[in-house]
Structure formats: structure tokens, C-alpha cells
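Reader: I would like a close look at a single part of this model, set out carefully and then placed in the context of the rest.

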Amino acid sequence: MSVVFDGSPLKATQSSQSHTAQTQTGLSSQELSQEIKSFISGVDAAQGRKLSVREHARCAVRLLRSVPACREVVLEHLRGVYNEHVSAFLHSLETDGSSSSGGSSNLEDIIQEVHGVLSEFIGLNPRAWAPLVSAWAVDLLGQLSSKHAERRVAPHASSLNELLQLWMSCAATRSLMEAYSQCLAAMLAWCPDACVDALLDTSVKHSPHFDWVVAHIGSAFPGTIISRVLACGLKDYCSHGAKDQGLLGDKGSRVPKIGSVVGILGHLAAHHSESIRKELLRMFQESLTPSATLSSASSSASWESSPQLRRAAVPFLLQLAAMSPNLFGAVSAELVELLRPPVLLQLQALLQGLPREELDNLLGLAVHLISQSPSGGARVLRFLADTATPASVIISGPTPSPHEGVREGCDRLLQTLLLHLHKLVFNRSDGAEVSLLNPSSSQTQRVIPFLEELRSHVGQLCAETLRLERKRHLWLHQLLCLLSVYGGPSVATETLCQLLTQARNPEELALAWQLHTTLSSCMVGLIPAAVAHCVAQIHTHTLGPRQLRQLLLNLAAAIQSRDEEKGGAAGAQSSMAVQVGSAVSGHLHDFCSLLLHGDTAVSHAAVRLLSCSPLPRTSPPAHLLLLSRAAVTHFFLVLRRRGETGNVGRDGGQAAESVSCSVLLLSRLAAYSPLTLKAILQQLVEGALHRGNAHLFGGQIADMSGAPISSPSVSPDLGASLLDINCRFGTTVNFSGSIWSVFHGGVIGKGLKVRTDAQLLDPSVVTQNIQTLLAVIVQCCSSSGLNASRSPSDPDDPLPINAEAAKVVAVTLVENVCPDVANGELSWPPEEHARTTVERDIHIRRCFEAHPVLFPLLQVVAAGRPALCYCSAALRGLLATLLAHWEASREAAATDSPWHLQASCLLVCCMGEGQLLPPVLANVHEAFHLLTPFEVRLLLLAVWEYVRGNAPLPQKFAFSSEKGLFCRDFSRDGDVARYVAPIHSVLHKNIDRLGHLCWRFQL
Amino acid sequence: MGDIRQSLLPRDVLSAAKELLYHLDIYICNLVQSGRQPPQVDAKTLELVEEFILHAPKDRNAPARKMSALQELQLLEIMCSCFQEQSRDTVRQLMFSALFHIQGNQADESRMVLLGKLVSMAVAVGRVPILECAATWLQRTHRVYCVRLAQVLVDDYCSMVPGSVPTLQNIHSMSPRFCCQFITAVSTLYDLSSELVPPLELLQMIVSWIQEDPRLVLITFLNTPLSGSQPISSLDVTPLGSLVRWCVKAPLAYRNEKKQVLANRSADSEPDPRPLFSALHLSVLQVFMLLPNVLNEKGLFGRLALLQMESVAALTSDLSRLLDQADKHAHTSAAGAQVPPQLALDRLAQALQVAMASGALLCSREDLRPICSRLPHNNLLQLVLSGPVMYYNNIHTPPLAYSPHAAHSPIASHAPLPTRSPHTPLTSHAQYPAQPFMSGMPFAFRPGH
């Protein structure tokens, strides 16, 4: 038979190997036993002297190499050597390296040697050595670092970097660290749990002095360490169960492990927060993935494969987060993103398996976490609210879908959160009350990070609340209340202000009042503060036009609600309306600038607010003037707008409403004080005659200077060029009023110069505008504060025009119509003297021509006797030009000069109304249209003569108390008869046509 | 002896242990001198050993005393010298068994740890008496503990400390008996299944030992009077069975192994183990060839099966399973895949043939046929099983009584045999007829990692 044998070179290799091995070991068994003896006794067996530390260590290394049974004792001994070295090292640091540097360097080489041997062993057989050495190294590191933590040179445990630097500069600890890293690198392949477990245990034992090790190892192996640390923590957590821990879990023996997990991750968070976050989130996600879908590829050792561990993962993560704000902060932001509906379903499925009390614990924990979360609170809140809001009544059927469970869970969470916050907030404010006695303790007020963070999201919260979605707005409203109470007046003000700005209808606005009602119990002066805040926002232009408009409208609505609810039971609301009103009245001058806001909607809202707002009890004149100026300007603006938009559409309606509001505002302002009355009347009149507004009232801008009108579209910037001005004829020197009179009717050969190119408005609009203006003026004049004490005897009667007010109008009229004050005296000169004032008179006439509104104004003035006296100059000028016209007219009938005829009629009529003329003379205008121009002149001349003879002086008027008016007693003046003669002559001449008027001219 | 406990209690751990050792020595000397048969250490003393040397927790509330590593080393050193200095073999044996005999209580764990360290250290510093004692211990102890001890040594010398293999190699010259038991234990431990493959250094060492002195594997068998004290579940008397298993299974086991090796490393440093197994196979066959003479000398030829039928059966079923697996893989692999299975079958055939011929395996071809029926075809095996002439090279006719059926009723089969020796080892031996070889079962002492 043949033996299968193919190993012929075997013997050779065998013998050679054994040979080399013999030489390598080098020690006979005899010598080895000697070595052991000397190692044990510490005495050189051959020479009988004591071994130095170094020799002893060498001996240990030799044993390590040759006697396997001695490895534990050798490692034990080496602990001492390392300790020795660390002591020497620290000592040399303490003595500035002067004394014992030799000793430490002596040991340094032996440490190098040991390190070399160990790393050689680990390299050759990691499976055998790595667990041994890693456990040893970690334990020794722990011992060394906590033992020497009290040394003077050792930095405090909290300064991790210094600690790291110190220990890494020490040969012993560095070598241990390297050895451990080597082991870890080797072990990660097959049993990473064991070494991380050891690390954790040691960390627990020697914390915080050991932290630098963990930090170093962690930064060397971030990925593995983080996931391993988490896995270890989870296992530990799971094996101990969550039953013996309270909300914060700071009792019991099990906490240190999770504590050290937190500690380690906390250290790593500085540099590896990204990977930590990833790991945490991965853990969360994988704990939810159903085990069926888990690939079998994941190793059996990992935690994912154990359903129990997977179930514990979520509570564990919550617990971790509760213990470390860092970790929580890292995760919370993305966690919310992860919670998509499928994930939520999985989560629900997972949590359903938990017992009730554990769920309650988790709920409490989650609520605690949310309330303590320093960032991302808004997102969490949105998420919770989104998820907890029921989809729709129609969709959710009688059978609860799985989503229903999730929704209920979120609902419950949210409710609990609110309750928790409520407790926190109100307990806290109790504390605050106590702290009033002791101001120093006010810092002890508990900060609630969640609310703290939401403070900056008040605007969004308000917006969401105002959406009035079912349930959601209740939660959010509650939260806003809490937030306001928490944040104190500033937040409350802000919130209220936001609500006021964002509410778009009464229902939404009601939320603001609900909030106020809730808060008013613990805060005073909320509404004034809120209004002040709004005003501040207006000033800083932080609000857009829409918001601004909404705010103003809301304020107006608030104020108006008082009027509506008057007598109603809504006491709270009306009291609030009063508060709002008084608050707004304090800021009228701030709001008035909004009247002129570029956005029509805003100015509309502003006028609404101002028109319904009460006026302040006292106010500085500057504010009042500002207000009245703005109001008047706004008045003209809205008139113009009304003209532009017409009465159709929403804009038209708005414009019309604006006008009425504006009228109301003006009249109320005018009634407020003499000052405002004067200012308003003055400005109204000026405004009506202003170039820009003239066309509103059918006016045509007369070119007084005689310069050709440049088309505004060509040169919108007026008078920019001096050369241009100088080229104009007659503008360099103003001749008016002097003996020089220059008329510039146009360039010869080109005909009269073009009078105007202003577009004319629709006559009906003009009429409406004039009506409005007159209504305002009349209202101002009649309701003025000057005679406010006097109430009308008959409420149906319109109040009489106040004389003072009319005087203001009159004076203003004269100021605007008459170009200078020369010849401004009230009494009239002889008619011939009019020649000296031809230029002025022409100016006046042109004014009347250009501004049809002047006549109605005159009528108003006339009604407020004796104010028309003050218009004497203007009347005289107009009459003079009319006389000149009729004298020069070669027309057949007065009706051929319609304007002049009308002007004459109106003039005489006004003078009659103003009692500048006795009734006989005042009636002459009734005949004008039937007469020839010359006859009209005759009659007007008679008028002139009468006025010259009986000067129109206010003194001649006396207040008649039964009429409530000033009246002139014509009987005191001279005989009227001599002025009536030309009238009678004209009557006679045209008796065929004027017969029916004769009775009007009887004395 | 029990009364010294009070005096030991206040001592520190090491001196208490030392003192106990000292007292134990005296006690055992007295015991031996008193001539009582059999000399037996009483239970109280054993308890003291457990308390003060092994530091087994006496009761729950008393904190277990524990020695530091240095103290332990000192204790080991003292033990070493204690055994070294004790001149009387009996006393040594008694003392060793007092210390380390497995008692089946909770102290066994620390007992095994201490024993492992002691033997490992004895190997290192060459304490022959301890090795001798350990050899005896290995004969008497349940095989689970034996392989644990072997494991400790293999770990220590073959994997932990590089370059210390020669030290272990020395045990051959120091204590052949221990060496033989060590081989038995190791070959039992590593059954060449997936994880339990012997380290290469160990393999080289064993091959070189047996090559140098084939009789080494028989030393225990030769030195042991089959005195009836073969306890239950102890190791086999010789490692022959497990070595045959090694050789037969190696081509298949290492074929799998080789793939992994090739995948893992570049296979440069690692020498090929297959030549080693070839050499081992040759040596084992040579040992078989020695057997007839040895057996004849002891007068046991044909009466004692050094290679048991059950282990052969287990081996063949194991082999057929492995071959099935190999077949599955062979579908995909190259044509050369048939070489290892054939080699394995060749070796099996050779071993069976030689074992039967040398009287180590007591059975007929007919007995073998059913056992080998499931194996695939192999020319040599076919030849062995159906050989025209069963060739015996000695004068005895094979006893027909040794049929597989008879093996189940050994008393019946042994009874009619003429007993030539005055003592009755065979009957007592036959009370423990065959160690069921549990290769198909999970291996109880598989290493923990």
C-alpha cells in the first residue's frame, strides 16, 4: 500500500523554525524561573541588589515575552511604572523641568519599549491581545487621569483642550492612548461593543477626569464611537428598563451610563455634531423601520435586530435629549422634518405596544423637551398643530383611520404642552410677585426656552391664529396668551399689535379683544401701549400699505364698536373701545400724516380712523395745525380722487366714503377749537383757490403774470432756468400797484395768448365738488366752537353761519384775490378813483373769472354778516371792472356778456345778503338780464354810490339776539332815495319789460 | 486539618494560601505514611483549599477575597517550587488532585483558571513534576476540562506570545506523558470543523513530535496499567482516533479554509498546512504499524480496540456530510475539485486498512461496509472493503465475537474469552464500552469567542 505523503521539505523547515525560535527566546527555563523570582521580589536574584524601576520594568517585559502565564501580573506591574512616569512628568512640570527631568526621561524609554512590545503583540494577534490591552489601557488611563487630577499643573477638568494637551504630551498616557487606539481599530472589525462598553464604564467611573480620553478616542473614530456609544447606551437603557426613572431620570444606579453617553456625545458635539445628529436620526429612523423590511445584512449583533431594543429606542432618544440640551438641539431641527405621515404611522404602531404609564411618561418627557427646546420651537409647533388639526368633517368618516390615531396623539401632546406651559408661566409669575420684595431674586425666574424662542415668531403665530382654522386657532390663541403673559408687556403689546394689524374681519378682530380680555386681568395699559407700538411701527415704516390700511381700519372698527354697542351689554368691549379711542386720540398727529399716504387705501383708512376717533382733551397747537393742514389737504385729494374715479365701482364708493369721512373730520376738527377752525377755513379757502385744486371747482388757471404758459408736460420742473425767466416779458420787475401798468395780452400778430390748457371737468362733478366744499365750509362755520354755547332753537334749522368764521373766510378770500394790500380799506372811494386801481381790479376780476367757486364762497361770507365788509376790496375791484365792462360794452343786451351779467347779479346779490346794500338796491340784479349794458352800468353805479356813501363797516352791524344774527339797521344810514333814482329811471325806460319788478324797488 | 481555618482567617490572602499549602503538604505526607488505602483527602481540607487558595465565595454575604495578580504569581511560584521540591510522587499526585481535582462545584471555575496558569508557567519554567501531575490529571478528568486546559496552553503559547512556541515544544522532552495527553486533548479539541482548526504552529509542533518519536502517542497507553480507574468521559487513551480524523478531514477542511485565506491575505506568510497533514498521516500509519508488537507485549492484541468502531462510524458520516457539501460547491468550481475528496477517501481507506491490520480496529470488512456505504466511490476504499483476502500478519485468528452486534453486549462477548492476565482489566474496561463519539452533536467545549 502506498502512503500519501507529499511533505518532503517539511522536516527542514521544521528544524530551522525550531532553531530560530530557540535563539529568539534566549532564556532557559532556569533563567526564566530566576526572572520570575526577581520580578516577584524586586531584587536581582544573581547579584542580590534591589532592582531599579527601570530594571524591574525590563524584567517584566522579558516575562511578558516569555512566560504567557505572567501577562496579567506584568500588565499590573506596568501600571505602577506608568503611574511613576506620570508622577515624574507632572513633578517636572511643577518644578519647571529643572530637577527630575532625568528620571522621567529614563522611564520614557522603558515606556517606549513596553509600547513597542504591546503594539507588536497586538499587531501579530489582535484577536487575543486587543481586548486585553484595551481594557487594561482604558482602566489605567482612567486611574491615572483621576488620580493626578488634583495636581497643581493639571488643568481643571472642564478645560478639555488643555487637559488633552497635557496628557498627550506625557509619554505614558500618550502611549496608552495609542495602544488603545490600535486595539480599537483592530477590534472594531469584530466586537466593537466590548471596547466601547469598557470605555463607557471607565468614563462613568472616572468622570470628568476621563473625558479627555473619550474625546480623543471619539474624535479619532467619530463614526464608530458615536454609533457604538449610542448602541451601548440603548442596550443599557433597555436592560434597565425605563421604569425606575422619573421625568429627569436623575436617580438610580442606571443613570450614570446614559449620563456618560450624554457626556461623551456632548464632547464630540463640538467637532462632530453633524455625525452625531446623523447617528441619532438614523437610530430614530431605523427603530421605526419594521423589522420585516430590515435586510438580513445588518449583523445579528446590532441593536436593530432586537425588537425590544428597537422599541426602547424612541424613549431612549427622548431621555438622551432630555439630559443634554446639546444633543436635543442637534436633533430637534431635523427631527420635525422627518416626521412625515408614514413615519408617524410607524411611530404610532411602535408606541401602541407600550404600557399606558410609560406612554404617559414619554408624553411628559416630550412636553418637557418641547418646552425646553431653545430653537426650532416654531417648527415644532407648526408641525404639531398641522398634525393635530382634523382634516375635515367631511373626510373623516365614522371609522377612525390610522391617521386618526396619530392625530389624536398629537392633539393630546399639544394639549398637554399647553397645560404644561400654562403651569410654567403662571408659577413663574407667582415667583415674580415674590421677587418684588427682593429684586435680586428676579433672575431666578425660570426661563422657558420654547416661549423664549416663540417670542420672535409672534407675527407668524398671530397670522396662523387669525386663519381661524378649527381647533388650531384655539390652541394658538391660548399659546399667544401664555406667550404674552410670559413675555410681559412687550410681548403682549406686540401680539396685540400684530393681531390688530393682521385681522381682516370682525371675527378675526374679536380674537384680539379676547386676548385683551384675558390679559387685562394681569396687565394694565395694554391698549395704549399697543397703540403706541403701532404708531412706532408707522413711524419706522415697517408696515406695508396693506397692513397699514388694515391696522387703521381695525382701529377704526374698534372705536366704532363703542358707538354701535352703546347701550348694549358688551361692557368689556365698549370699555375697550373707549380705551382704544383715547389711545388713538393721543396719537392723532401721528396718524394724520397717513392721510396723505400715497396709497389711497391707506389714506382712506386713515381718514376713517381719524373721523371716528375722539379728539384729545388737550393738544399742543402745533399738532392741531398739523392735523388740520393734513385734513384739508386730504380733503382736496379725495375730491380729486372722486372726480377721477367717478361714482362707480369700489374705488368710487371708497372715494365717496372718504369724502364724507373727510368732511366729518374737518367739521369735527373745526368745532374743536377756534384755532383749528381758523386754520381749517383758511386752508380750505386757500386750497380751493390753489392752482392745483382750482379745476376741481371749475376754475381755470389764469395766467396772472402774462408769461406764456409752458406746457407742463414739456417742462415739469418749473422755473428752473433763470435765463428763461429773464426772457419773459415783464417778469423781472413787478409793476403791479405802481403807476406803471403793463398789460400783456399776447404777441402782436399771434392774437391773444392762449389762456389755459387745463382740462375741464365734467360740470356735474364740478357742481358736486363745489357743493361738497360749501357744505364743509358751512358746516365748519356753523358748528364752530365760537358759538358752541348757543344751541339752535330749532334742530331742523341749519345753524347760522358764525360771523367770526365767516370773517376768516372773508379775510382769506381777500388775501387770495387781491394781489396787494394797497387800497385795502373798507370804505369805498368815488367811482372815478377806480382808474388808479385798474390793474388790481383786472386781477381781481380775472380771479373771479378763473374761480367760479368764489361766488359761492362770497355767498357764504355774506351769510355770516358782517363778514362781507372785510371783502370790501375784492367787491370793489370786481364792481369796478364790471362797471368798466358795461360802460365799454357795445352789445345790444346785457345777456350778450353772460359772465359779466352773472357776475354782476351775484355780486349785487351777495352784497344784499351781506347787508352792504339795502334791500331796494340789492334787488336790482333781478332786472339785469332784461337791460342793456349801459343800463346795467347805471344800476351798478348806483350801487357803487350807495356803498361809497354808506361805508361797509362791521361796526354798523348789531347783534340781534332774537335772530341770532348780526343785522344792519339801514335807517341809521343816509337816505336811500337818492340812490334809487337811477333805478326808477331805468324802470321807467323799460317799464314794458320791468313792470313786474317795480314792487321790488319800492322804498 | 479543619481547625487551622481560624488561624488562616486573619491572614492576608497570600500568606494564608502559603500557610495552607504548607499544612496541606504535611497533612498529605502524614496521610501517605499512615498507609491507609486508598489515601484520600477529606472534604474539610478540600473546602479549605477552595476557600483560601481558589477563593471561591464561601457564602453570599461574605465578600470574596481576591488576590492581586502579583500575589497570584507569587502563589504560583510557591506552588511550582513546592511540587518541585516534593520528592515523593504519591504525595505530589495527591496534593495536585487535592488542589485541582474537579469537584463539580462553583470553585471549579477558579480552579481551572489557576490550573491553567500553573501548567502554563510550569511549561515556561520547566517544572517537570507539575507536568507529570498534569498528565495524570488529564487522564482522570472529564474531557471538557481537559480540552480547556489544552486551550489555555495553545492560547498562551501559540497565539498570545509570539515566539514562545519552542517553549511549548520542549514539553516533549520534559514530560512525554504530558505531551501525549496534550496531543490527545488538542486533537479532541480541534475537530477540524468550521472554527476549530488548529493553529499552524501547533500542527507543526505535533507533526514534528510524532515524526521524531512515533511511540509518543502511545506513551499513556503504555504507561497506564489498565487499572480500572479510567473515569467516565475522559480523554481517549491514545490520540490515534482523533489524529486519523484530522488527516482524513484535512483535505476538505483546508480546502474551505484555503479559499478564505486566499481571500483574506495574500497567502505569503502562511505556509501550506497540507504537507503537514500528509506527514502526520504517515506518522499515524507508522504508529499503527507499531501497534501489533505493543499490543502483543501487553497481551491485548485483538482484545482492546484503540480505534473504536463508533468513532470510525462517526468519522465516515461526518465525511460523507462534508463530501456532500463539497459536491454542492463542486458544481460551480473547476475540475480539480475532485482531488481533495479523493485524497480524503484515500486516507480513510489507508487508515482503515492499516488499523484493521494492526489490530487497532477490531472489526471485519463486512462490518465496515454499511458504515462506508454512504461514501462516494473510491478505488482504494473499494479495494479495502472488498479485498479478496483479509491479510493478518500474526498468528491469531480474529475473534469473531467482535462483531458490531457484539459490541453492544460486551459482557456476553467477553465472558467466554479466556483471560490470560491475572487481573481483570478487561471486564472493568468493558463496563465502559465505548465512548459515544459525538461529532454530529454541537461541540460542548467550543471556544467561547
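Which exposed residues does the face of α19(B) turned away from its buried side carry?

Author: This is a predicted model, and in it the face of α19(B) that is turned away from the buried side carries B:Asn379 and B:Leu383, both of them exposed. The helix itself covers residues 379-386 of chain B, and within these residues B:Leu381, B:Val384 and B:Leu385 are buried. Seen down the axis of α19(B), the buried residues fall within an arc of 95 degrees, so they line one face of the helix. The general background is that an α-helix has 3.6 residues a turn, so residues three or four places apart point the same way. The buried residues of α19(B) have their packing partners in chain B, namely α17, which spans 339-358, and α18, which spans 365-372. At the start of α19(B), a side-chain oxygen of B:Asn378 comes to within 3.0 Å of the backbone nitrogen of B:Leu380.

The chain around this helix can be described in a few totals. Chain B has 22 helices and zero strands, and 54% of its 449 residues count as buried. Among the contacts in chain B with a separation of 6 or more, 77% are accounted for by residues 24 or more positions apart. The accessible surface of chain B comes to about 19,900 Å², with 56% of this belonging to carbon and sulfur atoms.

Chain A offers the corresponding totals. Its secondary structure comes to 43 helices and two strands, and buried residues make up 49% of the 1003 residues in the chain. Residues 24 or more positions apart account for 76% of the chain A contacts with a separation of 6 or more, while the surface that chain A exposes is about 45,600 Å², 57% of it supplied by carbon and sulfur atoms.

A helix pair in chain A gives a further view of packing. Helix α6 (residues 126-147) and helix α8 (residues 171-187) of chain A pack at an angle of about 140 degrees, their axes being 8 Å apart, and α6(A) passes α8(A) in a left-handed crossing. The residues of α6(A) that take part include A:Trp136, A:Leu140 and A:Leu144, and those they meet in α8(A) include A:Leu176, A:Tyr180 and A:Cys183.

Three single residues of chain A complete the picture. A:Val809 is found in helix α34 of chain A, which runs over residues 803-817, and at 0% relative accessibility A:Val809 counts as buried, because the cut-off for that is under 20%. Leaving out residues up to four places away in sequence, A:Val809 touches A:Leu681, A:Val685, A:Ile777, A:Cys781 and A:Val861. The C-alpha atoms of A:Val809 and A:Gln683 are separated by 9.4 Å, although their positions lie 126 residues apart along the chain.

A:Asp411, found in helix α18 (residues 402-437) of chain A, also counts as buried, at 9% relative accessibility. Apart from its neighbours within four places in sequence, A:Asp411 is in contact with A:Ala388, A:Lys471 and A:Trp475. A:Gly487 lies in helix α21 (residues 472-502) of chain A and is buried, with a relative accessible area of 12%. The C-alpha atoms of A:Gly487 and A:Leu454, 33 residues apart along the chain, are separated by 9.9 Å.

Conventions:
Residues numbered from 1 in each chain as written. Chains lettered and ligands numbered in written order. Predicted model: local features only at pLDDT ≥ 70, side-chain atom pairs only at ≥ 80, totals over all residues. Heavy atoms only, no water. Helix = DSSP H or I, 4+ residues; strand = E, 2+ residues; numbered from the N terminus. Buried < 20%, exposed > 50% of the residue type's maximum accessible area, 1.4 Å probe, protein only. Contact = heavy atoms within 4.5 Å. Areas by Shrake-Rupley, 256 points an atom, 1.4 Å probe, with all protein chains shown as cover. Arc of directions from axis to C-beta. Polar contact = N/O pair within 3.5 Å; in protein donor to acceptor, adjacent residues only side chain to side chain. Axes fitted to C-alpha atoms, helices over the stretch in contact; angles between N-to-C directions. Left-handed = near helix turned anticlockwise from the far one by under 90°.
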